[in-house]
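I'm opening my notebook for another session of looking things up. Short entries, one topic at a time.

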Amino acid sequence: MSGCPFQGGDGATPSPTSTSAEIGAVTPEFHGAQLDCSTTMSYGDYLQLDKVLNAQLPLSPCHDEMLFIVQHQTSELWMKLLLHELHAAMAQVAADETQAAFKSLARVSKIMEQLVHAWDVLATMTPPEYSAVRPYLASSSGFQSWQYRCIEFSLGNKNALMRQPHAHRPELLAHVEAAWRAPSLYDEALRLLARRGLAVPASHTERDWTQPYTEDAGVEAAWLQVYRAPQAHWDLYQLGEKLTDLEDAFRLWRFRHVTTVERVIGFKRGTGGTGGVSYLRQMLDVVLFPEIWHLRTAL
């Protein structure tokens with residue numbers, strides 16, 4: 001690997017950038033000054049592979065535990081990137097930068113597809129194989145993933161009780177709380193519609209963002225105006241479809257999650273104390289952007 005990946009064409013090292021919408025995500029530190037940017041820097045140095053590849057520490061003698069660990073670690077890495085792109089998209093929508101937002105949202109949907117396919121690998125773990133590993137997990141559970149909770153909150157599925165699993169780590173709870181208190185992606189989309197002169201009810205453009213979103217006929221009427229005249233509202237129409245793509249991918253992720261869990265553990269309770277499959281099936285009924293789905297019946 002030649003040259004310094006943090007340097008521009010003039011050799012200057014740029015300053016890191018961030019957006020005010022990076023709520024609930026850990027902003028990556030800028031490590032350029034700490035890395036050896038000479039031609040002696042290797043691929044492994046740049047990617048910090050010693051740290052990454054030595055982060056798998058099985059607790060059991062079971063061969064299959066490595067699969068379980070790598071599956072969840074890689075999913076967390078994809079979620080880190082998803083949050084990075086999702087918060088960029090939220091900032092872009094808030095700034096009326098719709099073309100940039102479309103690129104970010106397209107990437108979010110593709111990342112979600114990666115998360116969907118990850119379940120295909122975990123599904124190769126049979127019930128006896130998982131049962132051999134499970135005692136070593138103690139009370140640890142994917143239910144405790146603070147990054148996943150930030151994704152849910154940023155997409156609008158607000159539930160104050162879901163902060164509790166992170167209360168033992170105040171520094172992580174702070175990120176979850178920030179995502180809970182901030183406008184969601186859909187909230188920002190509705191505020192954009194209002195700025196464009198569409199009659200979005202004030203109850204849905206200025207409200208308590210910590211409360212769960214409630215479907216509204218006035219919001220659906222605003223989206224219907226967009227969808228009935230797409231040429232006149234082309235970027236808003238595209239935004240609606242990007243949101244549809246994202247929720248479509250997220251629904252697939254939830255479905256693959258519940259089917260994989262049922263396949264591997266049946267109807268046992270989850271290690272984190274949830275109802276397992278019964279809880280996950282309830283999540284299948286959550287609709288993030290309801291008016292965009294329901295308006296299709298009226299078209």
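**Entry 1: Leu47 and its patch**

First a reminder to myself: this is a predicted model. I started with Leu47 and asked how exposed it is. Leu47 has a relative accessible area of 35%, and partly exposed covers what lies between the 20% and 50% cut-offs, so Leu47 goes down as partly exposed. I found Leu47 in helix H1, which runs over residues 43–47. Then I looked for a patch around it. Leu47 joins Tyr43 and Tyr46 in a nonpolar patch on the surface. Together the three residues have about 300 Å² of accessible area.

**Entry 2: Leu67**

Next up was Leu67, which sits in helix H3, residues 65–94. Its relative accessibility is 22%. The cut-off for buried is under 20%, so Leu67 counts as partly exposed. What does Leu67 touch, once I skip its neighbours within four places in sequence? I noted Val121, Leu122, Thr124 and Met125. I also checked Leu67 against Gln56, eleven residues away in sequence. Their C-alpha atoms are 9.9 Å apart in space.

**Entry 3: helix H6**

How many of the nine residues of H6 are buried? Nine of the nine are, so H6 is largely enclosed by the rest of the structure. I wrote the buried residues down: Trp146, Gln147, Tyr148, Arg149, Cys150, Ile151, Glu152, Phe153 and Ser154. Then I wanted to know what covers them. The cover includes H3, H7, H8 and H10. So H3, the helix that holds Leu67, turns up again here as part of the cover for H6. After H6 comes Gly156, and I noted that its phi is positive, near 105 degrees.

**Entry 4: helix H9**

I moved on to H9 and looked up its span. H9 has twelve residues and reaches 16 Å from its first C-alpha to its last. That is close to the 16 Å expected at 1.5 Å a residue. Its buried residues are Val219, Glu220, Ala222, Trp223, Leu224, Val226 and Tyr227. What covers them includes helix H8 (185–195), helix H10 (234–265) and helix H12 (290–298).

Glu220 caught my eye in that list. Glu220 belongs to H9, residues 217–228. As a general point, side chains of opposite charge can pair when their charged atoms come close. So where is the nearest side chain of opposite charge to Glu220? It belongs to Arg228, 7.7 Å away. Glu220 is buried yet has no salt bridge. Skipping its neighbours within four places in sequence, I listed the contacts of Glu220 as Glu215, Glu291, His294 and Leu295.

Gln225 is in H9 as well. Is Gln225 buried or partly exposed? Its relative accessible area of 42% makes it partly exposed. Beyond the neighbours within four places in sequence, Gln225 is in contact with Leu198 and His233. I also looked up Tyr237, twelve residues from Gln225 along the chain. Their C-alpha atoms are separated by 9.6 Å.

**Entry 5: salt bridges**

How many salt bridges does a search of the whole structure find? The count is 16. I picked a few to look at.

Glu177 and Arg163 form one, with the closest N and O atoms 3.1 Å apart. This pair links distant parts of the chain: Glu177 is in helix H7 (residues 170–181), and Arg163 is in the loop between helix H6 (146–154) and H7. The two are 14 residues apart. I checked cover for each partner. Glu177 has 18% relative accessibility and counts as buried. Arg163, at 22%, counts as partly exposed.

Glu177 also forms a salt bridge with Arg181, where the closest N and O atoms are 3.5 Å apart. Arg181 and Glu177 both lie in H7, four residues apart, about one turn of the helix. Right after this I noted a network: salt bridges that share partners join Asp96, Arg195, Arg196 and Asp235.

My last pair was Glu171 and Arg169, whose side chains meet in a salt bridge at 2.5 Å, N to O. Glu171 is partly exposed, with a relative accessible area of 42%. Arg169 is partly exposed too, at 37%.

Definitions and conventions. Residues are numbered from 1 along each chain as its sequence is written. This is a predicted model: local features need pLDDT of at least 70, side-chain atom pairs count only at pLDDT 80 or more; totals for chains, interfaces and linings use all residues. Side-chain values use heavy atoms; hydrogens and water are left out. Patches are made of residues with over 30% relative accessible area and no salt bridge: like charges are joined within 9 Å, nonpolar side chains (Val, Leu, Ile, Met, Phe, Trp, Tyr) within 5 Å. Accessible areas come from the Shrake-Rupley method with a 1.4 Å probe; for residues, only the protein chains shown count as cover. A salt bridge is a side-chain nitrogen of Lys or Arg within 4 Å of a carboxyl oxygen of Asp or Glu. Buried means under 20% relative accessible area, exposed over 50%, partly exposed in between (1.4 Å probe, protein chains only). Lys and Arg count as positive and Asp and Glu as negative; His and the chain ends are not counted. Contact means heavy atoms within 4.5 Å. The expected span of a helix is 1.5 Å times one less than its number of residues.
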